[in-house]
Structure formats: structure tokens, C-alpha cells
Amino acid sequence: MQTVERTNQLSLSVDEMLQDYRIACESRQASLAGRKEVFMGKAKFGIFGDGKEVAQLAMAKSFRLGDFRSGYYRDQTFMFAIGALTLQQYFAQLYAHTDVEQEPSTAGRAMNGHFGTRLLDEEGNWKRQTDTKNSSSDISPTGGQMPRLLGLAYASKLYRQNAELHQFDDFSINGNEIAYGTIGNASTSEGMFFEAINAAGVLQVPMLMSVWDDGYGISVPAHYQTTKGSISEILAGFQRNAPGEQGYEIYKVKGWDYAGLCEVYQQASAVCREEHVPVLIHVEEVTQPQGHSTSGSHERYKSQDRLAWEAEFDCLKQMRLWLLQNGFASENDLDQIETEAKEAVKVARVAAWNAFNEGIVADHKDCVHLLENLSGSIEAHASEVAAIKEELEKTTVPIRSDAVKAARKALRYVRNEKSAAKRELVKWLETAQGENADRFNSYLYSQSEESALLVEEIKPEYTEDSPTVDAREVLQACFDAMLARDPRVFAIGEDVGKIGDVNQAFAGLQDKYGDLRVTDTGIRECTIVGQGIGAALRGLRPITEIQYLDYLLYAIQILSDDVACLQYRTKGGQKAPLIVRTRGHRLEGIWHSGSPMGMILHSLRGMHVLVPRNMTQAAGFYNTLLKSDEPALVIECLNGYRLKERIPANIGEFTVPLGQPEILRAGTDITIVTYGSMCRIVMDAAEQLQEFGISAEVIDVQTLLPFDIHHSITDSIRKTNRVLFADEDVSGGATGFMMQKVVDEQEAWRWLDSKPQALSAHDHRPPYSSDGDYFSKPNAEDVFETVYAIMHEADPEAFPAIM
């Protein structure tokens, strides 16, 4: 561990130092003003970076074009210093301005302090990352930035060591980019932090991790958070002993020491960038003058001695003293900078507030005017409409929903009117609803020309020579074609490399393409997907494997909070087309036969969820996804790898469309909707039902997100008038999801002559015994008897009760 001593060799001009002081003062004033705006009711919540200003200035000095930040919600000074955030944009985010030009980080979709740069143009195409200073989009869960940070750094390793990637200089200049991470000291207690730190040490990637240590996690002091109260002390074993040895460089420095901080970041970034050695910088003695956030006061939990120390060692106060003591500025110089900083923040705050209100006030006035016209043009209910107008008029600080609510309420009273005034109000409301859908609901999925839904279907082709093989060999051939076609594609996961994954779909491919393309990882599901997220943000095409679906739970949080909402929370400003590959549904035992589809469907909106019934369908999905710019989870059938399938002649080209179910068997009496491993069971049951005069139409939905975009399942129900939804999730899971989509959303209830039913697994997972699957999950006999009972209820004479 290194505590950097002063060399007095700072290569900084006086102008640069004074500019740093100016940025620090502006940032502090922005924090102070932001807190006041919350207390005045002009913003909902505030969390600020006061006390971290000087450390972030030093970090910004080593940050170069092409570098990436993956940080947390106190990094405003850093963002100001690298030119990625203006004061007006800062306040626009505080007010939640939905205009992406005013608030480019999130378009008002995330609370303040959540920063990111726009990596995509208006059409959703990548910008040139090596010409800009880049920040991945922040998320609130503390520690959640760490998995993505690992991937951003890992991309540099791939770009440096894989010569085939040197052509992609829009994303990297031979891997010379550092991934900078930031975190508060308390959040280093998170498992994701330790997992990512360990993985970065194993991988030896250029990750520079800064810990802002103010001694607390909200009200909880460090001795409750960290062994020995010091993250650098407990990570000291990661310190490498000599150049070239695997490990970290670890530094300690004071958060109020401008000169020391500048030297530390200069030294740390050099070794990180040049040698691809991960670095941890423990920035101690940081203060937090306004406490954690606007939700409370730190005076409640800090002692008077601590508060007095914080006042004395406030980094701005110490930087001012240092500038004066070293003769770099006079009292008047610094006083003027501080005065100008206050004025700059005031001007930016007022401009941001006016810009935020401009469109809202215009809509508010328009609605008031239309309501006034409506009340004056009708006789019945004129007083009710006038009262709604007057209430809206009294709103002193309107928000967009005020006018919309008023219009919708007024239209209730004039539902029988056919006046021009009503038509104008309806037209205004429809326009407002459309505009607000764009402001608040767009970009959950890609809206670019590379959307997965726009990938053209290419059917698999077979010849007389197409071999029949174990199904896993279909995937092996598909992955082989992918790796050969595109050097950006790589696969990582537990046992993926040397043995080619536990089911052999990558067998022999590491030998063929090298261990940078097909790579083993440690047992660390969260950072496996994080490694993929960060690499995908930098233009690569990762396939990250979670060995079994049951273990997706280790990664579900970061998938949900990060990649699934990435396009949404940036309003199309960032994308990470990550493919997560796993296998599940049924095989043996509690932890190898889970099918938690309901959890996945509710957690991963923003990702596609694909559930192929066999490996040929899975291969087609992989080909589709690699032509798109969206993230997806592909769940292969765990019990299908040894079944026989034919390898298509166009294994690397054919595609399977998303959101389009396939009819596996035509029928006239009932529609059975299913997916995955259940397809084989349902097809078996359908054969048995046919013997007893029941014609079942079997539909494989193929993808759950998106789900049946052309409503083809309802077309089947129009014919059969009955439906059964069957899968291997617990009750109320994906069967409930499918039923709601078809019966409610597609309005299939109009065509039903029998009650729609669901057949799911028991509300547990199978035991290990060979009979576990049969007695815990739906089997062919269950399907037969459920369908037969439906037909018995419809026609008991033709289908008498079995028991």
C-alpha cells in the first residue's frame, strides 16, 4: 500500500489551479442551492457531492479521451471538470426536466446526481467513443456500478490483446483506456464490490477504483461497516509486491489534500493505463457538509467534535489555505472566484428553472383556455367544468399531470356533448398524452433500425447431407460460425473455456479461437453479467453464461437495475446489447430444475426473454440477437442437449423472429399455449388426446418478452374456443402472465366457450429423485386430464368423466 509523499513536482500552471478552485466553488454552490430548491418545493429530493470536490478534480486531471466512468451519485464535480455536465444541466436534472437537450443524462427519468454521457446519436447509432470523455449511466443501488465497471475495464484488455479488434478505433485505441470507478466507503460492504474487486485482480484490467471515505454510511459509522474501519487495510493483501506480479496498486490519500491528490492520481493512472494493473485509491478524511441528502440532518448522528473537524478540514477551505500559503493567489483573487461562482450558479439555476417551466406553463394555460371555452359553450354541467378550470387556474407551480387530469375530469361531464369546444379539448388531450408517453414511457426497448423486432426472418435450410447430431452440436456449430464471422463476439462463463461449458456447446472453440474469445470465469454470476454489460457498452458483443437458471438469482439484481432499464433511463442515450445464456426448466433436484419465469418477466422488462424449445430454435435466436442492438436472456432446455436434431446448412445465417409464436400441431377443439421443455410434453399429450377424439392445437410462444406481437394465439382461440396455458413455473407465474396477455390484452375472452385454465408446476421445486420431475411439474398425463376435464365440462355425454 502506498501513501504518496509530496514531490512538489506538480506540473500545474497557476491558471489551471485557479480554474480547479473555480469549478470546486461552483460545484459547492450548486450543492447548497440544490438543497434550498428542494426545501422550497421546486425539486422533490436532493443528494449532492459536497465535500468530494477536490478529490474529484484530481481524478478528472488523469481522465482522458476514450476513458469511462462508472460511478455513483456524488460525482458532480468530476462531471463538471471533464466538461460532461454544465451547471444548467445539473439543475435541469434536479427539476426532472424531460427535455434530453436540457438534461442529457436521463431526460428527467432519474433523480439528481445520476450522470451519464450520450453514447448514441438520435438514430441510436454509436458515436465515436475515443473522441469523448465517457460516463456510463448511473444507478441508485449502491455498489451496483461495480459489475459494469469491471466490464468497461475488461473491454480495454480485449481491445489491447486481441489484434483483430484494433480496427475498431471508434471504441478503443489499442486498449489504452481506463475505467474509473467511484464508490462511498460504506458501499464497499456490498458483495458486488468485493466480487468485482477480486475479478479485476484476477483479470488484470485497467480499473481505477476511488473510494470516497467520509466515515459514515448515512448515519452508520465505519466501524459497523468495515473490518478495521478501513477498506484499504483489509484489501492490503491484494497489493502486488513487484512490477509484473498479479495484483493491485493501492494508495491512500487525504480528501482535503489538493497537491497530494493530484500526485496520487497522476501516478495511479500511469500504472493503470500503461501496465493494465487495477488500482484502488482510498481517499480518506472526506467530509459531507450537508449530510447524506435532503431527507435528514447529519447533526442528529455526528458528534460536535466531528462536526467541528469537518468544518476545519472541509476540502475547499484547505485548498484555499494551500493556494494562499504557496503564493498562488491572493485573498482578493479567491474572494472574487467565490463571488463569481455564486453568481454563475444563480444564473444557471434561474435559466434551468425557466426552461423547465416554459413548456409546462404553456400547456397549463392552453388547458385553462380550452376549459373556459368549453364551459362557455355548454348548458349542462357548465358549472362543474368551470370549477375544474378555476381549480387548475389556482395551481401556482403546475406540473404536467395537473392539466391532463383537469381535461380528463372535464370530459366526463360533457360525454354527451358534440361541440367544437369539446373536440378541441379532446384533440389537446390526445396530443398531450402522446407527448407525455414519449417523455415518460419511451425507449424501454430499442427504437433504432437495429431493433431485434426488425431483424428479417431467415428460415433454416436443410440438405440431404445435413447431419443428425446431439442437439448441443447444433449450438456448437452456431457459436463457431458467430466467432468466425465477427471478432467482437466473445463468450465467458464458468467452465465455458477449456471444457466448452458443462453441456459442451463450446467444445473445442477455445482451442480454435483462443482464450480471449472463449473464456472461463470464476464462480461469480453477478460480475459475469457485469463484465458483459460494460463490454457491450464499448461496442463488443458478449455472450455471458449463467450455468443454470436457478443461479440467475445471483445476477437478477444487476440485470434488472442496470441493463434492463439502460435505454429507458437514458432515453435512448446508451445501449448494451448483452446476450445472457442459461439453461433450465427441468432436470434433477431443487437447484437444477427451477423455472422462475414470473420473477424474470417482472424483473427484466427492457430485456428480451427467449424460451426456445430446442437448440435449433436457440441458434436462430442467437443469430437474430447478434443482428440487433438489444439485450436478451436466452433460456435453453436443460434436458435437450442429448436429443437429436439436424444441423441447418445455413447455421450461421438463419434467424428466428421475436414475438411470433409457432403452431406445432393444428387442432380444432382446444388451444394449448406453452414453451420450452413443456412443448415435448404437450405434444405427447396431444397425441394421446387425439386417440380419444380431442383435437388439440399446440402453440409454442417461443418468446415471452416480447409476447405474441401479432395476436396469433387469439386467432387460434377463435377457431377452438378453448385455451389452456401450461408451463413449469409455479402457479400464478408465467401462466398467469400469458393468460393476461391473451385473454385480457388480446381480448380472447370474446371467443371462449369454456373457462380459460392454467396448468403449472407445484409451488416448490422437484426433489432429486428420478420421479421428482414427474410429481412436481406438469406431465403428459396432467395435460391430458386437464384438457379432458375441460371437454367433459363442455360436452359430458361425448366425454364422460374419467374418475
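Here are some numbered notes on the predicted model of this protein chain.

1. Ground rules. This is a predicted model, where local features need pLDDT of at least 70 and side-chain atom pairs count only at pLDDT 80 or more, while totals for chains, interfaces and linings use all residues. Residues are numbered from 1 along each chain as its sequence is written, and side-chain values use heavy atoms, with hydrogens and water left out.

2. Overall size. The C-alpha atoms fill a box of roughly 100 × 85 × 50 Å along the principal axes. The radius of gyration (taken over C-alpha atoms; the globule rule is 2.2 Å times the number of residues to the power 0.38) comes out at 30 Å, which agrees with the value near 28 Å for a compact globule of 803 residues.

3. Make-up. The protein chain holds 27 helices and 23 strands; these are DSSP runs numbered from the N terminus, H or I over at least four residues for helices and E over at least two for strands. Of the 803 residues, 61% are buried (under 20% relative accessible area; exposed is over 50%, partly exposed in between, with a 1.4 Å probe and protein chains only). Take contacts (heavy atoms within 4.5 Å) between residues at least 6 apart in sequence: 79% of them join residues at least 24 apart.

4. Cores. A nonpolar core here is a set of buried Ala, Val, Leu, Ile, Met, Phe, Trp, Tyr and Cys residues joined through side-chain atoms within 4.5 Å. The largest one has 84 residues, and Leu559, Met597, Ile600 and Leu704 have the most contacts inside it. Helix α5 (residues 145-161) gives the most to this core, nine residues. Apart from it lies another core of 69 residues, with Ala84, Val264, Ala268 and Met319 among them.

5. Met597 up close. If you skip neighbours within four places in sequence, the contacts of Met597 are Leu549, His585, Val609, Val611, Ile635, Tyr675, Leu704, Asp729 and Ala734.

6. The long helix to look at. Helix α12 runs over residues 331-377, 47 residues in all, and reaches 68 Å from first C-alpha to last, close to the 69 Å expected (1.5 Å times one less than the number of residues). There is a bend of about 30° at Glu358, taken as the angle between axes fitted to the seven residues ending there and the seven starting there.

7. Ala344, in α12. This residue counts as partly exposed because its relative accessibility is 25%. Beyond neighbours within four places in sequence, Ala344 touches Glu26 and Leu87. The Glu26 pairing spans 318 residues in sequence, yet the C-alpha atoms are 7.3 Å apart.

8. Helix α6. Its 13 residues (191-203) should span 18 Å, and the end C-alpha atoms are indeed 18 Å apart. Buried positions in α6 are Met192, Phe193, Ala196, Ile197, Ala199, Ala200, Gly201 and Leu203. Right after α6 comes Gln204, with a positive phi near 55°.

9. Backbone spots worth a look. Asp501 has a positive phi near 80° without being glycine, and sits in the loop between β11 (489-493) and α17 (509-513). Asp501 is buried, since its relative accessible area is 0%. Gln702, also not a glycine, has a positive phi of about 70°. Gln702 lies in the loop between β20 (696-700) and β21 and counts as buried because its relative accessible area is 4%.

10. A cis peptide. The bond from Leu705 to Pro706 is cis, with omega near 5°. Pro706 is in the loop between β21 (703-705) and α24 (712-720).

11. Glu691. You'll find this residue in helix α23 (residues 678-691). Glu691 is exposed because its relative accessibility is 66%. Between Glu691 and Gln504 there are 39 Å in space, C-alpha to C-alpha, and 187 residues in sequence.

12. What the record says. An unreviewed UniProt entry annotates residues 469-643 as "domain: Transketolase-like pyrimidine-binding"; UniProt positions are in the numbering used here, feature names are shortened, and annotations may be inferred rather than shown by experiment. In the model, that span is 38% helix and 17% strand, with its end C-alpha atoms 8 Å apart. The UniProt annotation "coiled-coil region", from an unreviewed entry, covers residues 371-424. Those residues are 70% helix and 0% strand, and their end C-alpha atoms lie 10 Å apart.
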